[in-house]
Amino acid sequence: MSGKNYRESVKAIDTSKAYEPGDAMGAVLATAKAKFDETVELHVRLGVDPRQADQQVRGTVVLPNGTGRSVKVLVIAKGDKADIAAKAGADIVGAEEIIAKILNENYLDFDVVITSPDMMGQMGRVAKILGPKGLMPSPKSGTVTMDIEKAIKETKAGKVEYRVDKTAIIHCPIGKKSFGAEKLLENFNALMEAIVKAKPAAAKGTYIKSVYTASTMGPSVRVNYRV
């Protein structure tokens with residue numbers, strides 16, 4: 001996108017106000033000028049201290065309209081669990097040989113890793129590779145589970161993980177420009193409800209500090225969100 005288009009988009013946004021959620025989605029779509037189907041993201045600043053273990057905010061939610069992108073799922077499992085994974089639509093299924101490939105060849109041609117609990121002992125070998133990329137399976141995100149089939153289906157249906165970063169902000173996609181305002185609003189509401197429910201007991205004061213949404217190449221729009 002050219003600088004001129006971006007400047008014109010910025011002018012269309014009233015930065016002095018917070019838009020009602022439905023209006024915010026409309027404003028984001030009106031300023032998404034790129035020629036590709038831009039992703040729409042949510043950025044939520046929380047009143048928590050991420051340095052404190054009891055103020056971590058992390059979880060998953062299945063967006064009602066999905067994310068708009070196809071997700072390549074790797075399942076690390078053996079025996080019956082591997083058979084179930086293949087039938088449930090996993091893109092790649094394997095065990096020690098996949099772990100070795102990640103370790104020795106830096107193989108990372110997947111978006112989500114799901115594994116059965118019995119394989120977690122071996123997954124430690126690739127934690128330093130997968131961890132920094134946000135790909136390491138975790139019971140908290142539902143990617144270490146006995147119910148492999150459910151995990152695959154939810155992931156394919158549009159399950160996203162939200163997680164507060166070091167600056168107390170959650171960044172998470174809520175769909176594509178092509179969804180339209182109504183579907184984006186449904187996804188927005190589902191994600192915000194999940195974040196509100198995940199409020200740590202140790203968090204004091206205002207929990208939702210600010211909410212912004214923006215398309216990949218567009219300006220940020222402040223959202224008026226009331227709990």
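# Briefing on a predicted model

Ala168 sits in the loop between E6 and E7, in a structure that is a predicted model. At this position the backbone has a positive phi of about 70°, although Ala168 is not a glycine, and the residue is buried, with a relative accessible area of 7%. The two strands that flank this loop recur below, since E6 (159–163) and E7 (169–176) are among the elements that give two or more residues to the largest nonpolar core, and E6 and E7 each supply at least two residues of the lining of the largest pocket.

**Backbone angles**

- Most residues other than glycine have a negative phi, and most peptide bonds are trans.
- Besides Ala168, a positive phi is found at Asn106, where the value is near 55° in a residue other than glycine.
- Asn106 belongs to the loop between H4 and E5, and its relative accessible area of 46% makes it partly exposed, whereas Ala168, at 7%, is buried.

**Nonpolar cores**

- In soluble globular proteins, nonpolar side chains tend to be buried together.
- The largest nonpolar core holds 35 residues, and those that touch the most other members are Val44, Leu46, Tyr162, Ile170, Leu191 and Ile195.
- Two or more residues of this core come from each of the helices H2 (21–30) and H8 (181–197) and from each of the strands E1 (39–46), E6, E7, E8 (208–215) and E9 (221–223), with H8 giving the most, namely seven residues.
- Ile170, when residues up to four places away in sequence are not counted, touches Leu42, His43, Val44, Leu46, Val57, Tyr162, Arg163, Val164 and Ile195.
- Another core, of 15 residues, lies apart from the largest one, and its members include Leu74, Ile92, Val113 and Val126.

**Largest pocket**

- The largest pocket encloses about 740 Å³ of space and is lined by 27 residues, of which Asp111, Val112, Lys133, Gly134 and Glu161 lie nearest its centre.
- Strands E2 (58–62), E5 (112–115), E6 and E7 each supply at least two residues of this lining, and E6 gives the most, with five residues.
- Sorted by class, the lining of the largest pocket is made up of 12 nonpolar, eight polar and seven charged residues.

**Salt bridges**

- Side chains of opposite charge can pair when their charged atoms come close, and in this model the count comes to eight salt bridges.
- Arg226 forms a salt bridge with Glu20, with 3.4 Å between the closest N and O atoms; Arg226 lies in the segment after E9 and Glu20 in the loop between H1 (3–11) and H2, so the pair ties together parts that are 206 residues apart in sequence.
- Within this pair, Arg226 is exposed, with a relative accessible area of 57%, while Glu20 counts as partly exposed at 32%.
- Lys72 forms a salt bridge with Asp109, the closest N and O atoms being 2.7 Å apart, and this pair links distant parts of the chain, 37 residues apart, with Lys72 in the loop between E2 and E3 (73–76) and Asp109 in the loop between H4 (96–105) and E5.
- Lys72 is partly exposed at 31% relative accessibility, and Asp109 is partly exposed at 42%.
- Asp91 and Lys156 meet through their side chains in a salt bridge of 2.6 Å, N to O; because Asp91 lies in the loop between H3 (79–88) and E4 (92–94) and Lys156 in H7 (148–157), the pair ties together parts that are 65 residues apart in sequence.
- Asp91, with a relative accessible area of 41%, is partly exposed, and Lys156, with 38%, is partly exposed.

**Selected strand residues**

- Arg163 is part of strand E6 and is partly exposed, with a relative accessible area of 48%.
- Leaving aside neighbours within four places in sequence, Arg163 is in contact with Val57, Arg58, Ile169 and Ile170, and its C-alpha atom is separated by 8.7 Å from that of Thr60, although the two residues are 103 residues apart along the chain.
- Ser210 is found in strand E8 and, with a relative accessible area of 14%, is buried, a class that requires a value under 20%.
- Not counting residues up to four places away in sequence, Ser210 touches His43, Val44, Arg45 and Arg222.

Terms used:
Residues numbered from 1 in each chain as written. Predicted model: local features only at pLDDT ≥ 70, side-chain atom pairs only at ≥ 80, totals over all residues. Heavy atoms only, no water. Core = buried A, V, L, I, M, F, W, Y, C linked by side-chain atoms within 4.5 Å. Buried < 20%, exposed > 50% of the residue type's maximum accessible area, 1.4 Å probe, protein only. Helix = DSSP H or I, 4+ residues; strand = E, 2+ residues; numbered from the N terminus. Contact = heavy atoms within 4.5 Å. 1 Å grid on protein atoms, 1.4 Å probe; cavity = no way out; pocket = protein on both sides within 12 Å on 5 of 7 lines; lining within 4 Å. Points joined across faces, edges and corners; volume = space filled by probe spheres on them. Nonpolar A, V, L, I, M, F, W, Y, C, P; charged D, E, K, R; others polar. Salt bridge = Lys/Arg side-chain N within 4 Å of Asp/Glu carboxyl O.
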